[in-house]
Amino acid sequence: MTELAEPKRARGRPKKTENERDDGNRRQALISAAAQLFHRKGYDATSTREIAARVNMQPGSPFYHFGNKQDLLLAVMVEGMKQAFERQSAACATLSTQRTERDRLRVLIRNQFDVLLGPDSDFIPVMLYEWRSLNDAQRQTITQIKDDYEAAWTPVLQALHDSGQLQAPVGLARLMIFGALNWAVQWYAPPSPIRAGQKSRRASLDELTEAALSLFLRGTP
């Protein structure tokens, strides 16, 4: 009896299904939805079911991308720091070599306010609010990323210290500056629409930046 030949296997990787091709986008959508809900409701009060519903996914679908809700929280924080890195690098790239160190600090502070309070600013506040919800290994991951991000401030603060404009020790000054800036997520409200001829009583991000410079540095701009 003649044996039937096995069908030849197609060379290369099998074609991905439509869902598999969209895995990256679906994962990113989950991270964005989680950031919004964690920011508005808090980590403990948000369920993975709610996150899945926000992006029209089945209740168990998030676990295809993340081991558990805590892993999703970590992904939100990592994404936030990635965006902060990108914004900071882009902001610093606009500075010429002729600008002063005070100008450089102004750009860094203004960018930090934008990261904290500007459009798509759910990610970093989640990191500030929900830090305790991470396990020790996850905290170490975020600490390393955060330290790398803040390292760009050190040479600017050192130059300002050397010139006498910054009087506090650089390391301590960096910690206190970030503490002050980050606290703005607790109290800041953006300017509301105003009528012609009236002036808003709420500060803009540019005004916050100038106020911060005046607070941290001595001397004239």
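# Exercises on a predicted all-helix model

The largest pocket has a volume of about 310 Å³. The model is predicted, and the exercises below work through its pocket, its cavity, one helix and two loop residues.

**Exercise 1. Describe the lining of the largest pocket.**

Solution. Step one is to count: 17 residues line the largest pocket. Step two is to look at the centre, where Met127, Leu128, Lys146, Glu150 and Asn182 lie nearest. Step three is to assign the lining to elements. Helix 5, helix 6, helix 7, helix 8 and helix 10 each give two or more residues. Helix 10 supplies the largest share, five residues.

**Exercise 2. Find how many cavities of 30 Å³ or more the whole structure has, and say what lines the largest cavity.**

Solution. The search of the whole structure yields one such cavity. The volume of the largest cavity is about 50 Å³. Its lining includes Gly80, Gln83, Ala84 and Arg87. Further along the chain, Val115, Asp120, Ser121, Asp122, Phe123 and Ile124 also line it. Two elements, helix 5 and helix 7, give two or more residues to this lining. The most comes from helix 5, with four residues.

**Exercise 3. Place these features in the overall fold by listing the kinds of element in the protein.**

Solution. The protein has twelve helices and zero strands. Read from the N terminus, the order of elements is therefore α-α-α-α-α-α-α-α-α-α-α-α. Of its 221 residues, 37% count as buried. Among contacts with a separation of 6 or more, 68% are between residues 24 or more positions apart.

**Exercise 4. Work out which face of helix 8 is buried.**

Solution. Start with the extent of the helix. Helix 8 covers residues 136–150, 15 residues in total, and spans 21 Å from first C-alpha to last, close to the 21 Å expected at 1.5 Å a residue. Next, list its buried residues: Gln138, Ile142, Ile145, Tyr149 and Glu150. Viewed down the axis of helix 8, these residues fall within an arc of 135 degrees, so they line one face of the helix. On the other side, Asp136 and Gln140 are exposed.

Then ask what lies over the buried residues. The cover includes helix 5 (69–93), helix 6 (101–117), helix 7 (123–129), helix 9 (154–162) and helix 10 (170–182). Glu150 appears twice in these exercises: it is buried in helix 8, and it is among the residues nearest the centre of the largest pocket.

Last, look at the N-terminal end of helix 8. Asparagine 135 caps this end, with a side-chain oxygen 3.2 Å from the backbone nitrogen of alanine 137.

**Exercise 5. Decide whether leucine 95 is buried or exposed, and name what it touches.**

Solution. Leucine 95 sits in the loop between helix 5 and helix 6. Its relative accessible area is 13%. Buried means under 20%, so leucine 95 is buried. Leaving aside residues up to four places away in sequence, leucine 95 touches Asp103, Arg104 and Val107. The C-alpha atoms of leucine 95 and valine 107 are 8.4 Å apart, although twelve residues separate them along the chain.

**Exercise 6. Treat asparagine 56 in the same way: is it buried or exposed?**

Solution. Asparagine 56 lies in the loop between helix 3 (48–54) and helix 4 (62–65). Its relative accessibility is 74%. The cut-off for exposed is over 50%, so asparagine 56 counts as exposed. Its backbone has one further feature: phi is near 60 degrees, a positive value in a residue other than glycine.

Key. Residues numbered from 1 in each chain as written. Predicted model: local features only at pLDDT ≥ 70, side-chain atom pairs only at ≥ 80, totals over all residues. Heavy atoms only, no water. Expected span 1.5 Å × (residues − 1). Buried < 20%, exposed > 50% of the residue type's maximum accessible area, 1.4 Å probe, protein only. Arc of directions from axis to C-beta. Contact = heavy atoms within 4.5 Å. Polar contact = N/O pair within 3.5 Å; in protein donor to acceptor, adjacent residues only side chain to side chain. 1 Å grid on protein atoms, 1.4 Å probe; cavity = no way out; pocket = protein on both sides within 12 Å on 5 of 7 lines; lining within 4 Å. Points joined across faces, edges and corners; volume = space filled by probe spheres on them.
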